[in-house]
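Reader: I am new to this structure. Could you take me through it in short steps?

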Amino acid sequence: MAAPKPDPSPDLLAAAQGGDRRAIAKLLSLAETTGSAASKSGATDSDLMARVYQAAGSAHVVGVTGPPGAGKSSLVNALVKELRRQDLTVGVIAIDPSSPFSGGAILGDRVRMGDHGGDNGVFIRSLATQGAMGGLARPALDSVDVLDACGFQVVMIETVGVGQDEVDVAAAAHTVIVASPPGLGDGVQAMKAGILEIADIHVVTKADRADADQTAADLAGAQDLGLTGRQGRGDGATGWRVPVIATSANTGNGVADLAQAVRDHGAHLAASGEDKTRRRRIALMRLESAALDHMRREFKRLAPEMADLIDDLAARRADPRTAARLLMEKALTPR
Ligand SMILES: Nc1nc2c(ncn2[C@@H]2O[C@H](COP(=O)(O)OP(=O)(O)OP(=O)(O)O)[C@@H](O)[C@H]2O)c(=O)[nH]1
Ligand SMILES: [Mg+2]
């Protein structure tokens, strides 16, 4: 992906906040590339993203994750419609692991052109995952910030619940929806992947199918045993009981209930004070991923020095911890 030219316009954020959709799209492109290891973007872009971060923080961020093909995108689309009916503005960032080079515009195009075209209260963007070295968290959460800073009241982020990075990104939301399709079969399998326990709300998708009831019962059973959901049995410190909601994107059944549960959870976070804890946890993740991005960028710059260190290590003339400390010192030395 080619890095965009640094945009010298100080008004890009203001234009985006004023509802200029081309400006929003441009900011989202900057969010994808600024600060990545491959980025050639300049200081102006970093300044702009710093302003974006500080302008964000008002949106209710909703993570949606679940196994491949669970019906996440269809659910997000249905939820967007429902939230629009309630006059809420909605942004969507969909992480698309299947098209790393195309820009992953599949969902964005389909949904934008299909159902929400022409509606300025909706902005949908697909984000291609950038390969193993890039790290997903920074571009994904910076993109969420852009839509947040532009005033979208609810910002959803869809990730496929495979791989720690994807699960972490979905978990870095105020409310996490875990979508399980009917016929999940051995639910324990999914639990091992660490998806079910991050749920604030469980959704059984494709509830128009006959086998959805069984999946809902299985999830509710696991929930009662304290096996799933952040608060387990519902007697956690903050007392949120993770609901299991069956939805059909085809018929629309259950979608209004889900929208209500999202709102209830938001109200619960505020009332219990857990909001603060979550925001701090998310801030920690942002700090760590920004620091890691910085180090990756510096390691690239320090490739020659690293080659020497690697030689020393391979020949056992040095030890890894000392070499790492040396490398970190070099990386942190201003150029
Ligand atoms: N019967 C039925 N099928 C559905 C429903 N929602 C989605 N599907 C089907 O399930 C398949 C996957 O739907 P998506 O919404 O693309 O699922 P996804 O989880 O976003 O998929 P990935 O992003 O590729 O992991 C499609 O063939 C949909 O038509 C539903 O409510 N009922
Ligand atoms: Mg999808």
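What follows is a set of questions and answers on this predicted model.

Reader: How many helices and strands does the chain have?

Author: The model is predicted, so each value here is computed from it. Buried residues make up 43% of the 335 residues in the chain. The secondary structure comes to 13 helices and seven strands.

Reader: What share of the contacts with a separation of 6 or more joins residues 24 or more positions apart?

Author: Take V61 and T175 as one example of distance along the chain. They are 114 residues apart in sequence, yet their C-alpha atoms are separated by 6.6 Å. For the chain, counting contacts with a separation of 6 or more, residues 24 or more positions apart account for 72%.

Reader: Is V61 buried or exposed?

Author: V61 is in strand β1. Leaving aside its neighbours within four places in sequence, it is in contact with V144, V155, I157, A173 and H174. A residue with 20 or more other C-beta atoms within 10 Å counts as buried. V61 has 25 such neighbours, so it is buried.

Reader: Which residues of β1 point the same way as V61?

Author: In a regular strand the side chains alternate between the two faces of the sheet. In β1, H60, V62, V64 and G66 point one way, and all are buried. Pointing the other way, and also buried, are V61 and its companions G63 and T65.

Reader: How many of the seven residues of β1 are buried?

Author: Strand β1 covers residues 60–66. Residues on both of its sides are buried. The strand is mostly covered, and the count of buried residues is seven of seven.

Reader: Which residue is the bridge partner of V62 in β4?

Author: Strand β4 covers residues 154–160. It pairs with β1 in the parallel sense, over seven bridges. In β4, the partner of V62 is M156.

Reader: Which residue of β5 is the bridge partner of T65?

Author: Strand β5 covers residues 175–180 and runs parallel to β1, with four bridges between them. G63 of β1 stands opposite V176. For T65, the bridge partner is V178.

Reader: How many of the six residues of β5 are buried?

Author: On one side of β5 are T175, I177 and A179, all buried. On the other side are V176, V178 and S180, buried as well. The strand is largely enclosed by the rest of the structure, because the buried residues number six of six.

Reader: Which residue of β6 is the bridge partner of I177?

Author: Strand β6 covers residues 201–204. It pairs with β5 in the parallel sense over four bridges. The partner of I177 in β6 is I201.

Reader: Which helix gives the largest share of the shell around ligand 1?

Author: The shell has 15 residues, and the closest are G71, K72, S73, S74 and K206. By type, the shell divides into four nonpolar, seven polar and four charged residues. The largest share is three residues, from the helix covering residues 72–85, which is α4.

Reader: What arc do the buried residues of α9 cover around the axis?

Author: Helix α9 covers residues 212–224 and reaches 18 Å from its first C-alpha to its last. A212, T215, L219, A222 and Q223 are buried in it. They lie on the same side of α9, because they cover an arc of only 105°.

Reader: Which exposed residues does α9 carry on the face turned away from its buried side?

Author: An α-helix has 3.6 residues a turn, so residues three or four places apart point the same way. The buried side of α9 includes T215 and L219. The face turned away from it carries the exposed residues A217 and D224.

Reader: How far apart are the end C-alpha atoms of α2?

Author: Helix α2 covers residues 21–33. Among its buried residues are L27, L28 and L30. At 1.5 Å a residue, its 13 residues should span 18 Å, which agrees with the distance in the model, 19 Å.

Reader: What is the phi of D87?

Author: D87 lies in the loop between α4 and β2. It counts as exposed, because it has 8 C-beta neighbours inside 10 Å. Most residues other than glycine have a negative phi. D87 is not a glycine, yet its phi is positive, about 70°.

Terms used: Residues numbered from 1 in each chain as written. Chains lettered and ligands numbered in written order. Predicted model: local features only at pLDDT ≥ 70, side-chain atom pairs only at ≥ 80, totals over all residues. Near = placed C-beta within 6 Å. Helix = DSSP H or I, 4+ residues; strand = E, 2+ residues; numbered from the N terminus. Nonpolar A, V, L, I, M, F, W, Y, C, P; charged D, E, K, R; others polar. Expected span 1.5 Å × (residues − 1). Buried ≥ 20, exposed ≤ 12 C-beta atoms within 10 Å, placed from the backbone. Arc of directions from axis to C-beta. Pairing = 2+ DSSP bridges. Contact = placed C-beta atoms within 7 Å.
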